[in-house]
Amino acid sequence: KKIQVAIDKDITRTMPEHELFWAGGAQVGLNSLRAVLQAYAAYNPEVGYCQGMSSICALFLVNAETEEDAFHMFAAFMDQFRFKGV
């Protein structure tokens, strides 16, 4: 529950000028960002979610063909740079 609240708070501030995440109407992008971040928090509960992840994840969503691709890119990035325990 705490993670969902933190994610919901942060995603509306992520790339607010980008057409995919524009808070005034781009719910598809915000919903995808929320889904990927929630999936990552479940996939890696040791890390969970922390402020700033939404900005990194958004870059993958902008460049990925699918939400699933964005998740895999984000997870690989987080694993590669060993953000566990941060």
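**Entry: Asp 10**

I began with Asp 10, which I find in helix H1, the run of residues 2-11. I keep in mind throughout that the model I am reading is a predicted one. Is Asp 10 buried or exposed? Its relative accessible area is 7%, so I enter Asp 10 as buried, the limit for that class being under 20%. Looking next for a polar partner, I found that the side chain of Asp 10 is joined to that of Arg 13 by a polar contact of 2.4 Å. I then set aside the neighbours within four places in sequence and listed what else Asp 10 is in contact with, which gave Tyr 49, Gln 51, Gly 52 and Ser 54.

**Entry: the chain as a whole**

I went on to the secondary structure and counted four helices and zero strands in the protein chain, the order from the N terminus being α-α-α-α. For the overall dimensions I noted that the C-alpha trace spans about 35 × 30 × 15 Å along its principal axes. The radius of gyration of the protein chain is 12 Å, and this agrees with the value near 12 Å that a compact globule of 86 residues would have.

I also looked up how the residues are covered: buried residues make up 35% of the 86 in the protein chain. The accessible surface comes to about 5400 Å², and carbon and sulfur atoms hold 55% of that area. Among contacts with a separation of 6 or more, 57% are between residues 24 or more positions apart.

**Entry: cysteines**

How many disulfides does a search of the whole structure find? The search returns zero, and I wanted the reason for Cys 50 and Cys 57. A disulfide is a covalent bond between the sulfur atoms of two cysteines. The cysteine sulfur closest to that of Cys 50 belongs to Cys 57 and is 12 Å away, which is too far for a bond, since the cut-off I apply is 2.5 Å. Taken from the other end, the sulfur of Cys 57 has Cys 50 as the closest cysteine, again at 12 Å and too far for a bond. As to their surroundings, I have Cys 50 as partly exposed, with a relative accessible area of 40%, whereas Cys 57 is buried, at 0% relative accessibility.

**Entry: aromatic rings**

My last search was for aromatic pairs, of which the structure holds six. One of them is Tyr 40 with Tyr 43, a tilted pair with 5.8 Å from centre to centre and 50° between the planes. Both tyrosines lie in helix H2 (residues 27-43), three residues apart, which is about one turn of the helix. I note that Tyr 40 is buried, with a relative accessible area of 1%, while Tyr 43 is partly exposed, at 46%.

I then turned to Phe 60 and Phe 77, whose ring centres are 5.8 Å apart and whose planes stand at 55°, so I class the pair as tilted. Which helices does this pair link? Phe 60 is in helix H3 (residues 53-63) and Phe 77 in helix H4 (residues 67-80), so that the pair, 17 residues apart, links distant parts of the chain. With a relative accessible area of 18%, Phe 60 is buried, whereas Phe 77, at 25%, counts as partly exposed.

I close by recording that Tyr 40, Tyr 43, Phe 60 and Phe 77 belong, together with Phe 71, Phe 74 and Phe 81, to one aromatic cluster.

How values were computed. Residues numbered from 1 in each chain as written. Predicted model: local features only at pLDDT ≥ 70, side-chain atom pairs only at ≥ 80, totals over all residues. Heavy atoms only, no water. Buried < 20%, exposed > 50% of the residue type's maximum accessible area, 1.4 Å probe, protein only. Phe/Tyr/Trp six-rings, centres within 6.5 Å; stacked < 30°, edge-to-face > 60°. Helix = DSSP H or I, 4+ residues; strand = E, 2+ residues; numbered from the N terminus. Rg over C-alpha atoms; globule rule 2.2 N^0.38 Å. Contact = heavy atoms within 4.5 Å. Areas by Shrake-Rupley, 256 points an atom, 1.4 Å probe, with all protein chains shown as cover. Polar contact = N/O pair within 3.5 Å; in protein donor to acceptor, adjacent residues only side chain to side chain.
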